[in-house]
Structure formats: C-alpha cells, structure tokens
Amino acid sequence: MNTKHRPPAAVPSLQNYQVLIENVRQAVLVVCEAKIEYLNAFAGKLLECDCDRLLQTPLLEIVHPQDREEFNQQCAAALEVESTGPFIFRVSTRNGATRWVEGAAGPIQWNGQSACLINLTDITATIATEKELKEKEERFRLISETLPVGVFETDSKGICLYTNTCWQQLFGVTLSESLVLDWREMLHPQDKKGVSRDWSKAMAKMRSFSRDCRILTRDGARRWVHVHSSPVFSDSGISFTGSVEDITHRKKAERELQRAKEDAEAANRSKSSFLANMSHEIRTPMNGVIGMSSLLLETEMSDEQRDFAETIKTSADSLLTIINDILDYSKMEAGKLELEEIDFDLRVMTEDVVDMLMVKAHEKKLMFGCLIDHNIPSLLQGDPGRIRQVLINLVGNAIKFTSDGEVFIRVDLLDETDADVHLKFNVTDTGIGINKEKLDDLFQSFSQLDTSITRLFGGTGLGLAISKQLVMLMQGRIGVESQVGKGSNFHFDIRLARQPVRSAGTLPAPELCNEKILVTGRHLPSLLILREQLKALKCRYLAAGDDKEIFAHLAVAEEAGDPVRAVLVETRFPGLDGEAIGAQIKSHPQFGHIPLVMLAGFGKPGDVARLKKIGFAGYLTWPVKQSQLQVCLQKVIQIANDGNTEDESGIVTRHSIKEAQKQQITILVVDDNAVNRKVACRILEKLGYAHHAVGSGPEALEALRQITARVVLMDVQMPGMDGFETTAQIRNGAAGQKNSDVPIIALTAHAMAGYKEKCLAAGMNDYVTKPISPEDLHAAVKARLTCCGDAVDKYPVAAESNSDPTAIFDRQELMQRVGDDEELFEELLAVYLEDTGMQLAKLRQAAEEEDWVQAANHAHTIKGSSANIAAHALKGAAHEVEKAAKTNSAGLLHRALSTLYAELEKFKSLVDEAQSASSAHSA
C-alpha cells in the first residue's frame, strides 16, 4: 500500500482495523480539507480507478454534479456531529459511468487534523429495481384505468385496497369512498345473503370466487355484474384481486332470448296442436266418405250407380292420400317428425307392403314380387312404419307409372357388424322412365315431371320429397337411375340395429332344413325370389325349365336316395300350363306321391277346388311370402310323410295358413270390468285369436306364469295393482323372465294429449282408447305381432265414430262393435246390467262411508263399461259422479248419483222396449 494513504502511527485505531477495512465489501474514504486522504481497495473498484491516483483528489470530482451541493452539506454536518446519514447520491467513475451509492459520514482525527470518515454502499442495482417496479406500477395503473371492467384489490377482510376508475363509476362512488367500503354492502337485498356467504367461504378457504349478482348503486340504479377474484400470496400477507364486469345488457338479452324461445315453443306447440286437430278433423269426414262408399258398393246397384260409387271411393282415397302427404310434410317442416326405435321383422314388414299394393299390381296385370337376400337377419330394430311409408311411396309410384311388365322390390346386404346391418332397398320397374334432365327435380317438394304427368297420374309431388326426408332422418341416402321407355330403379340405403339375441324360435323349423325342393319355371325374377327364400329356410334348391328337366331332376334325386320333397309349380309354364304339368307328375307311378304347390300369378274363383281335384297339396298366389312358403312346405311335407295325401283339412292356402297362425296366438286380457273383458274377448274371437281373461294385476302375473301369451291387453285403471304397476312387475320379471318383454297394449278411457307417452314411458308398447273399437284393437295387435315376426291378416278400416254424447243407447254402434252378432249383443247387455248393478251398490256404500277414492273407482268402472256398451248418457253421468267424488263433497256426489240412477232407468226402459219390439217382430 502506498505510504501516502497508509494511516500514520499517531492514529492507532485505523492501524488496528486496517486489515478489516481493506477486506470489507464497502467503500471507505477519509477526507480532509475536501481532499481524499485515504480509500480502501473496494472504493477503487467502485470508482473504477487505482487508489493511488485518487489520493489528494478533490472529493467533489467523484460526486455527480447534480448531487454535490447536498453532499457538501452532509459532510459539513458530519464534522459537527458524531455521524450523519445515511444519504443517497450518485458518484461518477473514471470511466464515465454513474453509480448510485448510499453513504454515511462521521468525524475522525487524521494526522492531527479533523477529517471526515465516509463509507459508501453500491445500491445501483437496488435503485434500478425500484425504478423498474415503479414503471411497472405506473404501467399497471394506466392499463387498469383504460380497462372497460372494474379492477380491485381487497385485503383478507374484503376492504378495498385499490379500485380503478371503472370500478368506482360502476358502483357510483369516489376513490376515497371505495377504499373504506366493503363492496358487499351494495349488493341487491335478494342476492346479499347468498353472495356474501360464498365470498366469505372463498376468502376463508383462499379460493377463487366467481358469481353473477345484482348491485344497487349510490344513485339507486340496479345493475347485473359478474364478479371474479383470486387470492394473491405475498410477504405482506394475503390479498384478493379481481374484476367486476357490467353484464346488465347481457342479462337483458338473455331474458329477451328466453322469452323469444318460449314464444317460439308456444308457437310450435300451437302449430303441432293445429296439425293434430287438422289431421283428426280432416280424416274424420274422409273416413266417413270412404267407409260409407265401401258399404254402398256392397249393396245392390245399377251399373251406372256402381260406377258413380266407385268414382266417389277412388276420389276419396286419392284425396286422403294427398291430405296425408301434406300433413306429413308440414310435420317435417315444423321439425316434429320423430322416428321410433322398435323391434320388427324385416321380411314381414316388406311383405306387408307387397300385400297392400298387390291388388293394384294385379289390376294392371303386372308381375309383382319381393326379393330379400337370405343372408339378411329378419329381426331388426328401427322405425318399420317409416320404412314402410318410403317403400309404399316408391312401389306405389312404380305401379302407377308402369302399364306393362314388372315391379320388384329387392333388399340387399351391403355390409354388417355384430351390432347392425347396412341394407339397400331397390324398387325396379319397367315403366315409362324419366329423362336425365328431370332426375334432379324428382326429390324436390311439389315437383312433378311435367303437367301432363300430373293430369295423367295425379299426385301432390310430395311423395318423393317426404321419402327423401325420411331416409335422411334414418341417416341414409336415396337416389334413382332411369331410362326413358325402359323403366326406373329407385333405391335407398339405411343402417338398422340387430335385435338382441333371445331365443331360437325365429329360426327355420328343423323339419325344413336341408330338404330338397324343385322349382319349375323360366321367369328369372320369380326364380331368384324363390331361391333366396328357400336358402333362408335352409332348403336345397333345384330349378327346371321344362317338363323334361322336371322328370330328369326327379329321377336323378330318386336314384341317389335323396328324393325331392316338394315341387313348386308356376302357372305360366312354357309349353304346358301349371295344372297340366301337375297332373303329369301326380299321374306318374314313381313321383305321384311328391306334394305339389301351385304358385299362381293371379288367383281366380274356383282355382282351389280344381287344383285339389288334380292332386295339388298347396296353392299360393304371387307375390309369395316367405312365412307362407315356410308353413305351406312344412304342412304339405308333413302330410306326405304321414301318408295322408287326402288331408281332411283340404288344400293349403294363404288363408288357411293365416287362420292357423292366428289360432296358435293367445292374447291375455286384463281388465277389472266384466263388460270390457267380454267385449275384448269376443272381438278377439271374431279376429281368430285365442284369448285368456283375468280381472286384476296379480291374476295377470299368475296367468303369465301359467300360459304363453303373445300380447297382453292391459287395463290402466284397476283397483289395487293398476295397469302401470302390473306392467312394471312384468318388465321386472315377476311373471317369469321369458315374459318380461311381452308386448303390452294399454286399454284406457283417457284420450288426452300426453297420456299415450305416459303409457309408453311405463313400459307399455301401444295404446288403445275405450270404448274398444275392433279396428283399432286389431291394428294394435297386428302391429305388435308384426314386430315380433308374426304375419297376420288385415282388418277393414271403418269410419271413426261420431257418437252423440247425450244418446241413452246407440244400438247401431254396439252392433257394429260386436260385428252384428245378435247373440253377443244380448249377452253383453245382460252382463252390463248385472255388473253395473253390483258396481252401483258398491258406489252407494262408498258414498255413505265417504270413501271418496273407492267411490271414484266404482264410478270410473261404470263409465268405462257404459262407453263400451254405447250407453253414452250413462257414461256422462258416471263421469260426473267420478268428478264429484274427487272433490270430497257429499252434496255434489249425491246429486250426481241421483242423475246416474235416472239415466240407468232410462237405459233399462229403452233396452226393454227394444227387446219387446224384437220379440214381437220375431213372433
């Protein structure tokens, strides 16, 4: 160290601490007479200069010019007092840099003179950090002030530490007011409790808070705000920062949107209700016209009158089709058309379409059939009604626009998985065809090829548009290929789910498996159809084109020990007619025992008797259903096996097959009302079904455990276990697991909107209102059996009832309901009077005991049976008793009972008069 700045021996204190002073990380200087007399090594580093060069340098040279005056004052003060500081100033290094230092000064003796000891700490980095923080704070303040939302910071108690201008304006307070305000004090009274509770929980658990709420500003205005805050953790403790957004306009828009949504839904409900009412109001008179014209055609008329009546019926049918198209289209436009997802049999459904349109095809002498790939499973899930509607539309058009040739339905399997199948439906015809330029317009609404087509064939132009929409709803595609003069092919593809595997009851009967069947004919479409049907039945298929091939096949099979088990003979046989070739086979000594089945193109009166005389065992007409073919082959082969070629039951026909199928079907009727049970059972008898009837829910469960019912007709309102509870028990397996999915059709007098949906939601499959209509009941039963794979015949559709609610007794309506069965008519009246007498006695007792529930139940039973017996005034009187009982008013109930007694006496008198008149007439 240079001796010039080494402390003299006269100052022992500096000498004693010299080593320490030289090693501290702080600048130490001794200043005497304003010059530097001593500085340690760290001071040299701070000032970026060699220590020797700074000795005797004026101190103010290292002080920043702007800080020199204050620095002189600090040093002068240090000489006067023991010490001064700390004070902050800047120093300039020899390299021109500026550093911030924090200094302290005190008096000291240096070489016998008064001097000033100064120590300096470099705080340049600290000053820079503070400056940066201040800049950030200023930047945050500027950003916060420009934000369109309120920004705030609170302490852990919710008192504001900071608010921006937007926050102050939103709450209507000044800055000073906001800093002493708990914002929760300004909450709307209806929100204060809940919001305060949630805010306190968030602060206590140091969690985020987010809530829409209302505030009341100082000027009385009410605003909707969204408040969000999050905890902030720091050395000084916990605070909460967040934002407040004015959402008043958004809430107003949401309310307006909700009102608009409710208005739109109300409009849609009104539109749907209008469509439903229109459907009913239009169809009612139309069904009357169609029904009465059908009855008129069955009476004796002149040729001119018959022509007029047929024109009326044809026009009415066409008008009803147009109305149905328009109503369906309106539902689609309103978005109200929904698809079902139910079990059904594809083959039965498709063959049902063939049945419906077969007459029209036969009238035009068209070859009409259906070919379904034998690899396609029959039992599927989907909306068979809508698929049927599309097929009817396409096939109906094909028949309409084809004057000669053929119309065929073909269903192919595109691909399949374990869960579903992808099917393609083709409807092919040999009709007039369509120009390529017109193809794009086909599926548009109200579109026809041209006005001449409309005049010639009629139609709304909606059918294909509706079909396209239905296929699209089923996630499919529809298209067409056509050539003028050569016909058209309309096609659509859809995916359908497989039904869950249940039992093997739907598989081909074992006795048909591997049987060899010979088919005669050269008409390729017919052969293809029969081939696929026989393959689906697991039969072996042989084809013969003429009589030589027939006998050759028969001989080869016989010699091989694998004989032909049955021969299917077409009437349009080349070279020979079907009857002649049948006669040849039956007269052959070696093959005469083989059963023959005639497949006729068009049936004519007298065919069956003539064919039976020749020796045919079966007779079916085209289009041939697979289910009919299966039963026919089973029966004729069984007869041949038994050696009974002259079966007493006669030749097997589609009619005998249907009757046999129906007789094997048992339907369970569940109803506590004896009259209702009797009506339902007799209707079922006339329709050809076996039946079993019980009067309560528990009896229904026991019956299902004892018998195999294919359908259950379930009364909804029964005492004790009602129809809903009984259905739930069946679905839960209380009647045996095998019966848990038996189809259940609700029978109820409730016809208001939404009740059908209630029944379906309870596990029922369909809904028929009381009084029971034979047509409605048969349609419902047929629909359930079709879904389960049972093909049954149709029942004629009658006009809807327009009963007079004040009529004491409508004899004609009851006679129509019982199918003009005079014996059943009399039996029902007797049962009704007996049952009503018992119900009235129970009702009177319940009224005296003021047992309102039982009184209402008995009145409801009388109401239902009165409706079934067409005693409409009695039905109305019973309804008033039921309503009175539900009010728990003895006075109202007794007055209503008096009316009921009076109406019953009127009914008895009218029935007695009618029976007396009938007896006198008979005599």
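User: Which residues of α18 and α19 meet in this predicted model?
Analyst: On the α18 side, Glu579, Gly582, Ala583 and Lys586 make the contact. Their partners in α19 are Arg610, Leu611 and Ile614.

User: And how do the residues of that contact divide into nonpolar, polar and charged?
Analyst: Gly counts as polar here, and Glu, Lys and Arg as charged. For the contact of α18 with α19, that gives three nonpolar, one polar and three charged.

User: Are α18 and α19 roughly parallel or roughly antiparallel?
Analyst: The axes of α18 (residues 578-587) and α19 (residues 607-614) come within 9 Å and cross at roughly 25°. Angles under 35 degrees count as roughly parallel. So the two helices, α18 and α19, are roughly parallel.

User: Moving on to the cores, which helix gives the most to the largest nonpolar core?
Analyst: That core has 54 residues, and Leu713, Ile869, Leu893, Leu900 and Phe907 have the most contacts inside it. Leu900, for one, touches Leu840, Leu843, Ile862, Leu874, Ala877, Ala878 and Val881, leaving aside residues up to four places away in sequence. The top contributor, with nine residues, is helix α28 (residues 822-848).

User: How many residues are in the other core that lies apart from it?
Analyst: Met349, Val390, Val411 and Val471 are among its members. The count for this other core is 42 residues.

User: How many disulfides are there?
Analyst: A disulfide needs two cysteine sulfurs within 2.5 Å. Take Cys539, which is buried at 8% relative accessible area: its closest cysteine sulfur, in Cys513, is 7.5 Å away, so that's too far for a bond. The count of disulfides comes to zero.

Terms used
Residues are numbered from 1 along each chain as its sequence is written. This is a predicted model: local features need pLDDT of at least 70, side-chain atom pairs count only at pLDDT 80 or more; totals for chains, interfaces and linings use all residues. Side-chain values use heavy atoms; hydrogens and water are left out. Buried means under 20% relative accessible area, exposed over 50%, partly exposed in between (1.4 Å probe, protein chains only). A nonpolar core is a set of buried Ala, Val, Leu, Ile, Met, Phe, Trp, Tyr and Cys residues joined through side-chain atoms within 4.5 Å. Helices (H or I, at least four residues) and strands (E, at least two) are DSSP runs, numbered from the N terminus. Contact means heavy atoms within 4.5 Å. Axes are lines fitted to C-alpha atoms, for helices over the stretch in contact, and angles run from 0 to 180 degrees between N-to-C directions. Angles under 35 degrees count as roughly parallel, over 145 as roughly antiparallel, 65 to 115 as roughly perpendicular and the rest as oblique.
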